[in-house]
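Trainee: Please take me through one part of this protein closely, and then show me how the rest of the chain looks around that part.

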Amino acid sequence: MNAVEVKKDVYWVGVKDWNLVEFHGYSTPHGSTYNSYVLMDEKITLVDGVKHYMSDEMIARVKSITDFSKISYLVVNHVEMDHSGNIPVIMKLAPQAKIITNAAGKKALEDHFDTTGWEYELVKTGDSISIGKRTLEFVTTPMLHWPDSMMTYVKEDKLLLSNDGFGQHFATDTIFVKDAPFDVVMREAKSYYANILFPYGAQAEKALNTAGDLGLEIEMIAPSHGCIWQGADEVNAILGAYGKWASGRNEGKAVVVYDTMWGATATLAEAVMSVFQDAGIPVVKHCLSTKNVSEVMVDFLDAKYICIGSPTLNNELFPRVAGFVTYMKGLAPKNKKGFAFGSYGWKQGVTKNIQSVFESLGWETIEPFEEKYTPKSDVVEKIKERVKEMIA
Ligand code: FEO
C-alpha cells in the first residue's frame, strides 16, 4: 500500500473501490476511486480523505512517505462522506494539522463530526496559502457538488486538485488517463457529469469562467474520483467537454425511454423511434427493464427530444418509469422537448404524471398520447403523426 508519485513530491494516496456498484442511486458498474493527495513540502499537506471503510488503506499509503505527526495542513475540498468519511481518523493521527476549507466546509464538518479541538484556516476564491516551495490557490465551487465544494490549485505545479469536478466513477489498474482507453474514460466522465453534476450547469460554467478569470494555467487535473488528466490534450478535452455539457447545448438527438407490461407500450415506443429514424435524427431507445437509469441519463446530454412511455398499473405509472421520472426530475435537464405516451386497460390519464414533470422542467411539450390495450396499425400511424408535430 504505497503512495504513488504523480508529479515531483506530489503523491497519490487514494484508494480504489473495486466493488462499488451504486453511489447514491447512480449505478457504478466499474467501481470508483477516492483520490487523496500528499504534497511533500516545508509544510506537508494532505488533500482530502476517503470513505470510512477504506481508511486503513489510505493511512498506509500516507505512512509510506511521511508520518502523520509531520502533516501541517489537511485541505478539505468537499465534505461529502466519500471524501471526508475518514477525516476523524486523520485528525486523531494528526491533531496538529490545521484544516484548510471554506466557511461552508467548516459548517458541514461541524454538522457531521465531533470537531472539538480542530483548527481551521478558512479560504475563499482568490485566497492563497504558501506551504513552502508551493502556493495553494483556492476556487470555491458551490454545488459542484455540495455547497461546500471547492478546488485547490497548486500554482508552481500547474496542478488543479478538482475534487468531484472532472471525476469519473472508474476503478482501473492505472492512475492516469493516458494509461487507460481514452474513450472509456471520457464515457465515464460523461456519465459522472450526467448523474452527479447535471443540475448544476450554471455553477459549472461559473467555475470554468472563474478559473479563466484567475488565469490558472493547468497542466494536470487530479480529481478525487477516477483517473488524472495530464497534458494539454487531455486537459483541454475534459475542459471542453465540461464547457459543452454545462452550457446545455445538445446534439439534437432523440431518446425514447419506456417500460412495458404486455407489449403495448413497447409497440408505441418502436413507432415513436421510427419517426426519428425516418427523419434522419439520431435516436436511442431504452427499455427500463433492461437498462439502469444512470445509463439512460448519459444520452440526455446529447438529446433535444425526450419521449417517455409507461404502461398503467393500478392507475399509476409503471414503477420503473415512475422511478426513472423521479430520478430525471432531480437531475433537471434543460432545453428539451418532451413527449409522454403510454397504454392503459380501463382508466387512462397516467401520462399526465410524466407531462407535469416535463412542464416543471420548463420543457416544450406536445399533447400526450395514450392507447387502450394493444395498438393496432391505425393507432401506430396516429402516434407517428403526433411525434412528427414534435420535430416539425
Ligand atoms: Fe465525490 Fe460529492 O462527493
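Mentor: What follows looks at one helix, then at the whole chain, and then at a few single residues.

This is a predicted model, in which local features need pLDDT of at least 70, side-chain atom pairs count only at pLDDT 80 or more, and totals for chains, interfaces and linings use all residues. Residues are numbered from 1 along each chain as its sequence is written, and side-chain values use heavy atoms, with hydrogens and water left out.

The part to look at is helix H8, which runs over residues 264–278. Helices (H or I, at least four residues) and strands (E, at least two) are DSSP runs, numbered from the N terminus. H8 has 15 residues, and from its first C-alpha to its last it reaches 22 Å. That is close to the 21 Å expected at 1.5 Å a residue (the expected span is 1.5 Å times one less than the number of residues).

Which residues of H8 are buried? They are Ala264, Thr265, Leu268, Ala269, Ala271, Val272, Met273, Ser274, Val275 and Phe276. Buried means under 20% relative accessible area, exposed over 50%, and partly exposed in between, with a 1.4 Å probe and protein chains only. The cover over these residues includes strands E18 (253–258), E19 (283–287), E20 (303–313), E22 (337–344) and E24 (369–372), and also helix H12 (377–391). Just after H8, Gly280 takes a positive phi of about 75 degrees.

Now step back to the chain that holds this helix. The protein chain has twelve helices and 24 strands, and 59% of its 392 residues count as buried. Its C-alpha trace spans about 75 × 40 × 35 Å along the principal axes. A compact globule of 392 residues would have a radius of gyration near 21 Å, and the 24 Å of this chain agrees with that (taken over C-alpha atoms; the globule rule is 2.2 Å times the number of residues to the power 0.38). Among the contacts with a separation of 6 or more, 71% join residues 24 or more positions apart (contact means heavy atoms within 4.5 Å).

The end of strand E24, one of the elements covering H8, leads to another residue. Tyr373 is found in the loop between E24 and H12. Tyr373 has a positive phi of about 50 degrees although it is not a glycine, and it is partly exposed, at 48% relative accessible area. Asn163, in strand E15 (residues 159–163), also has a positive phi, near 55 degrees, and is not a glycine. Asn163 counts as buried because its relative accessibility is 1%.

Two further residues lie elsewhere in the chain. Asn195 is in helix H5 (residues 182–197) and is buried, with a relative accessible area of 5%. Leaving aside residues up to four places away in sequence, Asn195 touches Tyr26, Ser294, Met297, Val298, Tyr327 and Leu331. His52 sits in the loop between strand E8 (44–47) and helix H1 (55–63), and counts as exposed because its relative accessible area is 57%. With residues up to four places away again left out, His52 touches Gly85 and Asn86. His52 and Pro333 are 281 residues apart in sequence and 32 Å apart in space, C-alpha to C-alpha.
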